[in-house]
Amino acid sequence: GGAPIIGYVVECRKTDSNTWMRTHVEEVIHITEWTATELKAGAEYYFQVSAVNIAGMGDPAEVTGVVTAKDMQVSPTIELDVSLRRVVIVRAGQPLRLYVPIHGKPTPEVWWTKEGEEELTNRATINNTPFSSEFLIDDTNRSDVGKYTITLKNETGVAQATVSVRILDTPGKPRKLRAKDVSA
């Protein structure tokens with residue numbers, strides 16, 4: 001009707017319902033492509049779009065056909081903080097905490113390994129959520145020096161990142177001492 005379009009309203013309803021619901025929280029969206037979220041995977045929906053101008057919202061145009069919602073799939077990614085990209089230095093006896101934001105859909109499997117070792121659970125506590133992984137050693141010692149690798153895996157791919165750790169400690173006992181040329 002004579003005035004420029006300022007945006008669109010996208011609505012959906014389940015095939016077994018007569019109630020239309022907005023697929024966005026904004027009053028209008030300003031783009032012509034839209035991904036509806038918060039839908040139930042496997043459920044079937046009808047969609048309709050209304051144009052909006054200064055005079056208000058126009059009549060909706062229904063998108064042809066039924067749309068089946070499916071889970072978005074996103075390859076796993078690791079957000080390694082800049083401080084973890086350098087060598088992480090910790091004093092012996094102090095905690096080592098590596099907090100790493102992660103992403104992926106479906107939620108990726110997460111595991112940590114240390115160069116040259118297979119199992120870390122006896123020294124480390126690992127807490128994983130759908131959005132992060134935390135690797136913690138409460139009381140570090142010399143044996144904790146090394147490279148730690150976090151690996152993420154889901155149906156769409158694999159991601160890895162490595163963190164180098166150095167532990168500062170007092171010197172150990174000298175070894176293989178031998179007296180040589182002792183004079184009185």
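This passage describes one sheet in a predicted model.

The sheet is open and has four strands. Their order is E8-E14-E13-E10, and the pairing is mixed. Strand E8 covers residues 88-91, and strand E10 covers residues 109-114. Both stand at the edges of the sheet. Each has a single partner strand, so one side of each is left without a neighbour in the sheet. Neighbouring strands are turned against each other by 25° on average, with direction ignored.

Strands E13 and E14 sit side by side in this order. E13 spans residues 146-154, and E14 spans residues 157-168. The two strands form a hairpin, with two residues between them. Their pairing is antiparallel and extends over nine bridges. Individual residues can be placed along this pairing. Leucine 152 has alanine 159 of E14 as its bridge partner. Lysine 147 stands opposite serine 164 in E14.

E13 also pairs with E10. Six bridges join these two strands, which run antiparallel. Here, lysine 114 stands opposite tyrosine 148 of E13.

Burial was then considered for E13. A residue counts as buried when its relative accessible area is under 20%. Seven of the nine residues of E13 are buried, so this strand is largely enclosed by the rest of the structure. In a regular strand, side chains alternate between the two faces of the sheet.

Methods:
Residues are numbered from 1 along each chain as its sequence is written. This is a predicted model: local features need pLDDT of at least 70, side-chain atom pairs count only at pLDDT 80 or more; totals for chains, interfaces and linings use all residues. Side-chain values use heavy atoms; hydrogens and water are left out. Two strands pair if DSSP finds at least two bridges between them. Axes are lines fitted to C-alpha atoms, for helices over the stretch in contact, and angles run from 0 to 180 degrees between N-to-C directions. Buried means under 20% relative accessible area, exposed over 50%, partly exposed in between (1.4 Å probe, protein chains only).
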